[in-house]
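What follows is a walk through one protein model, taken sheet by sheet and then through its empty spaces. Please keep the sequence and the 3D view open while reading.

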Amino acid sequence: MINNFTVEATELTRLYGGREAVSNVSFSLSKGQVLGFLGPNGAGKSTTMKMLTGNLAPSNGSVKICGIDMMENPKEAKALIGYLPEMRPLYKELTVDEYLTIAARLHRVSAGNIKKAVEITKERCGLAHMSKRLIENLSNGYQQRVGIAQAIIHNPMVVILDEPTVGLDPIQIRDIRALIREVGAERSVIISTHILPEVEVVCDHVQIIDKGKLVFNGAIDVLKKQRIGNKLLISMSNPPSADSLLKIAGVTEVEVLATGQMRVRFAEDVTPAEAIVQAAVHNNWGLHQISPDQTSLEEVFMQLTYQDAALTAA
Ligand code: ADP
């Protein structure tokens, strides 16, 4: 079948000693998309990434990179991928130039193009002034840039980065995120992260994995909408009983908070704000605040993953 997918994962499953570390995961990715792969520790992110990159055989399911089956044609499929694993594959006794030259060779950049590929990649990754430095003498942030440089030196269609900003300082994080967005504009990028704001800044698609299963798969906008939710926060100096509010059309739930405020949940297609204001005026409830009650992205994540923890935190 001809389509524009750069990555197609179909029913990916991986067993470890009879236990499913990744269970029936399916998704696809197109050119120009940056996918954020989120999940608590042990959820199955690294295992999924290793299967996507052909470093681990799935127990079941398949991976296609630009239509090429990873199991049937691993060499061709892998040539289209750049991968930065959690443990950076750096030879620290080499200089940046030496290492990137070897990386280009390993990625089968043709001999005549290696020098140019190294120069272009250094430029993109902000490494031009580090060419002759030994990798072991570089800061953590610069070593990470070298790690990303080896993943993109052959200009692959799919770039997969496991926790690319872990351990970096805020300026380095900003630079690496900008680089990821730049690469993602022309290619497909998958990053794993546990940093929720990073997903908002860098990604247009999100997958949340928990206990090996996908619990959310969609556009970042959809996740953000879940965050807005159908809730209002109301403060009144002379509040009515919860029952009086429940009589207002659309109101489905009323919660009295320790602060004295009331949290009102409402049905999907009805916004009862106006009716609440009118009732408040009519009945002298002393309304002095009514505003949307946003759920933080963290709460959405908790709701999707640790259901019990979310309930106690609410
Ligand atoms: P994440 O990257 O989300 O932290 P992993 O993919 O590393 O999660 O791990 C998913 C689950 O698989 C965990 O329960 C982990 O203990 C288990 N696991 C990972 N690698 C192995 C292995 N080589 N042998 C046995 N169990 C493993």
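**Two sheets, a shared helix and the spaces between**

H205 has A219 of β10 as its bridge partner. The model is predicted, and this residue pair is a convenient place to enter it. H205 belongs to β9, which covers residues 205-210 and pairs with β10 in the antiparallel sense over six bridges.

Both strands are part of an open sheet of six, ordered β6-β7-β8-β3-β9-β10, in which the pairing is mixed. At its edges are β6, residues 81-84, and β10, residues 213-219, each paired on one side only. From one strand to the next the twist averages 15 degrees. As background, the strands of a sheet pair through backbone hydrogen bonds, in either a parallel or an antiparallel arrangement.

Two helices can be placed against this sheet. Helix α1, residues 45-52, packs on it and touches β3, β6, β7, β8 and β9. The direction of α1 makes about 155 degrees with that of β8. Helix α6, residues 170-186, lies across β3, β7 and β8 and runs at about 145 degrees to β8.

The other sheet to look at is built from four strands. It is open, its order is β2-β1-β4-β5, and its pairing is antiparallel. Because β2 and β5 stand at the edges with a single partner strand each, one side of each is left without a neighbour in the sheet. Helix α1 turns up here as well: it packs on this sheet, touching β1, β2 and β4, with its direction at about 125 degrees to that of β1.

Within this sheet, β1 (residues 5-16) and β2 (residues 19-30) run antiparallel and are joined by eight bridges. One of the partnerships is that of R14 with V22 in β2. The hairpin of β1 and β2 has two residues between the strands, and G17 there takes a positive phi near 55 degrees. Strand β1 is also joined to β4, residues 60-65, by five bridges, again antiparallel. In that pairing, E8 has K64 of β4 as its bridge partner. K64 also stands opposite D69 in β5, where β4 and β5 pair in the antiparallel sense over two bridges.

Next come the empty spaces. Rolling a probe the size of a water molecule over the atoms shows where such space is left. How many cavities of 30 Å³ or more does the structure hold? There is one, and the largest cavity contains about 30 Å³ of space. Its lining consists of I148, V159, L161, L179, I180, V183 and V189. Elements β7 and α6 each give two or more residues to that lining, and the largest share, three residues, comes from α6. Helix α6, which lies across β7, therefore appears both in the packing on the six-stranded sheet and in the lining of the cavity. The largest pocket has a volume of about 490 Å³. Its lining comprises 17 residues, and I81, Y83, L106, H107 and Q150 lie nearest its centre. At least two lining residues are supplied by each of α2 (74-79), β6 and α3 (96-106). Strand β6 is also an edge strand of the six-stranded sheet.

Two side-chain details remain. R145 lies over the face of Y142, 4.7 Å from the ring centre. The structure also holds one aromatic pair.

How values were computed: Residues numbered from 1 in each chain as written. Predicted model: local features only at pLDDT ≥ 70, side-chain atom pairs only at ≥ 80, totals over all residues. Heavy atoms only, no water. Phe/Tyr/Trp six-rings, centres within 6.5 Å; stacked < 30°, edge-to-face > 60°. Lys NZ or Arg CZ within 6 Å of the ring centre and 35° of its normal. Pairing = 2+ DSSP bridges. Axes fitted to C-alpha atoms, helices over the stretch in contact; angles between N-to-C directions. Contact = heavy atoms within 4.5 Å. 1 Å grid on protein atoms, 1.4 Å probe; cavity = no way out; pocket = protein on both sides within 12 Å on 5 of 7 lines; lining within 4 Å. Points joined across faces, edges and corners; volume = space filled by probe spheres on them.
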